[in-house]
Amino acid sequence: MNVKEAGSISRTGLQLGDHAPRPPEPQDQDQIISNWKGDLSSPLVSIKCNAYNHAGYIRDAINSFLMQRTNFPFEVIIHDDASADGTDKIISEYMERYPFIIRGVLQKENQYSQGKRPGNFTAHLVRGKYIALCEGDDYWLDENKLQIQADFLESNPGFAVCGHDACVIENGIVVRETKLRDNQKRDFSAMELQRGVYVLTLSAMFVNKLGEAPPEHSQVVNGDDFFLSRLGEFGGSKYLPEIIPAVYRRHEGGVWSLVDDRKRKAHSINTQYWIMQYYSRKGNSRLATYFASKAAANLFSSLPSFSFRELVFLFVQLLKMFFIRKFSFFKKRLKK
């Protein structure tokens, strides 16, 4: 069953227990491009997709990109991190069929295991004014998603990012109707975005203004919170309920979806620590102090989950940053 056959899908998405529809087979390249206006070689939106051992899923992701109905040019940039299951061959097949739309970076040696992030290898390829994200094991359901989001950002320069909801599936069956809590289904100010809010990565479209990732970003496992905080420098975030929720796939090979709670807490504390380090280096003491407090609170609420050694290390790092910030504050006051 494809999206066009799934007449039961409403704007609010799928219901618990439903079989999730799959995107339809895409039109050929000339048909897709025929709807575009303006300079066809200058895409308004760049879709970035990271893949690793996603052979069973990557077609759904790419087909959901190619089904997008837009009046502007878009491009698809896919990074495959040396998959061992033939994912790279599937990507190569699409690159041959859609050479004007799809470009890929196909690694021969796994880069993530060497501490290198996929985004480092595709950043120089991005040409769009806006960037949309989707991992190779997830996919979109709304063929108008890109058009709706780009139209909004073009008309509302006070926003840096916009997103929407997603359902969660396992083995093709909906196990969660929404991935967002009700209090996350709203707009957020630039300050709220900087302090940390939840915008689904597979739903996000944002302004291409971040530039090269800071060194602190390479120290975190899940960088979503980091890049969203940095986007707050350029505006707030918009929630778009009119977009049909996307599909987040939970499976054994998922990098994040099956991480246990203990590791999630540790990753969260680590992320807050490095965001604190970033804002400290940038001279933003207000946000550095905020994330120091957030990391400390998170740490103390998670005491039973960590070993004594882990707790000592985290506590020393937080204490160190606290005194550095205090020393810097008094030093500035004395200079005045």
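The following is an exchange between a colleague and a modeller about a predicted model.

Colleague: What does the protein consist of in terms of secondary structure, and how many of its residues count as buried?

Modeller: The secondary structure comes to 10 helices and 10 strands. Of the 336 residues, 50% count as buried, where buried means under 20% relative accessible area.

Colleague: What share of the contacts joins residues at least 24 apart?

Modeller: Among contacts between residues at least 6 apart in sequence, the share is 78%. A contact here means heavy atoms within 4.5 Å.

Colleague: Which strands make up the open sheet of seven, and why are β3 and β9 called edge strands?

Modeller: The order is β3-β2-β1-β4-β8-β5-β9, with mixed pairing. Strands β3 (102–106) and β9 (236–239) each have a single partner strand, so one side of each is left without a neighbour in the sheet. From one strand to the next the twist averages 20°.

Colleague: What makes β1 and β2 a pair?

Modeller: Two strands pair if at least two bridges are found between them. Strand β1 (residues 45–51) is joined to β2 by seven bridges, and the two run parallel. Within this pair, C49 stands opposite I78 of β2. 

Colleague: And what makes β5 and β9 a pair?

Modeller: Strand β5 (residues 159–163) pairs with β9 over four bridges, in the parallel sense, against a requirement of at least two. V161 stands opposite S237 in β9.

Colleague: Why is strand β2 described as largely enclosed?

Modeller: Seven of the seven residues of β2 (residues 74–80) are buried, so the strand is largely enclosed by the rest of the structure. Both of its faces are covered. On one side the buried residues are F74, V76, I78 and D80, and on the other they are E75, I77 and H79.

Colleague: Which helices lie across this sheet, and at what angles do they run?

Modeller: Helix α2 (residues 58–66) lies across β1, β2 and β3, and runs at about 180° to β1. Helix α7 (residues 224–231) lies across β4 (130–133), β5 and β8 (205–207), at about 45° to β8.

Colleague: Where is M67, and why is it called buried?

Modeller: M67 is in the loop between α2 and β2. Its relative accessible area is 9%, and the cut-off for buried is under 20%, so M67 counts as buried. Leaving aside residues up to four places away in sequence, M67 touches P23, P24, W140, L141, D142 and E143. The C-alpha atoms of M67 and I32 are separated by 8.2 Å, with their positions 35 residues apart along the chain.

Colleague: What is the strand order in the open sheet of three, and which strands stand at its edges?

Modeller: That sheet has the order β7-β6-β10 and mixed pairing. Its edges are β7 (173–176) and β10 (246–249), each with a single partner strand, so each has one side without a neighbour in the sheet. The twist averages 50° from one strand to the next. Strand β6 (residues 166–170) pairs with β10 in the parallel sense over four bridges, and A166 stands opposite A246 in β10.

Colleague: How many aromatic pairs are there, and why is the pair of Y273 and W274 called edge-to-face?

Modeller: A search of the whole structure finds 10 aromatic pairs. The ring centres of Y273 and W274 are 5.1 Å apart and their planes stand at 80°. Centres within 6.5 Å make a pair, and planes over 60 degrees apart make it edge-to-face, so this pair is edge-to-face. Y273 is buried, at a relative accessible area of 10%, whereas W274 is partly exposed, at 21%.

Colleague: What makes Y290 and F291 edge-to-face?

Modeller: Their ring centres are 5.3 Å apart and their planes are at 85°, so the pair is edge-to-face. Y290 is partly exposed at 25% relative accessible area, and F291 is buried at 2%. Together with F226, Y278 and Y279, these residues form one aromatic cluster.

Colleague: How do you know that R195 and K179 lie over rings?

Modeller: The distance cut-off is within 6 Å of the ring centre, and the charge must also be within 35 degrees of the ring normal. R195 lies over the face of Y290, at 4.2 Å from the ring centre. K179 lies over the face of Y248, at 4.3 Å from the ring centre.

How values were computed
Residues are numbered from 1 along each chain as its sequence is written. This is a predicted model: local features need pLDDT of at least 70, side-chain atom pairs count only at pLDDT 80 or more; totals for chains, interfaces and linings use all residues. Side-chain values use heavy atoms; hydrogens and water are left out. Buried means under 20% relative accessible area, exposed over 50%, partly exposed in between (1.4 Å probe, protein chains only). Rings of Phe, Tyr and Trp (its six-membered ring) pair if their centres lie within 6.5 Å; planes under 30 degrees apart count as stacked, over 60 as edge-to-face and the rest as tilted. Axes are lines fitted to C-alpha atoms, for helices over the stretch in contact, and angles run from 0 to 180 degrees between N-to-C directions.
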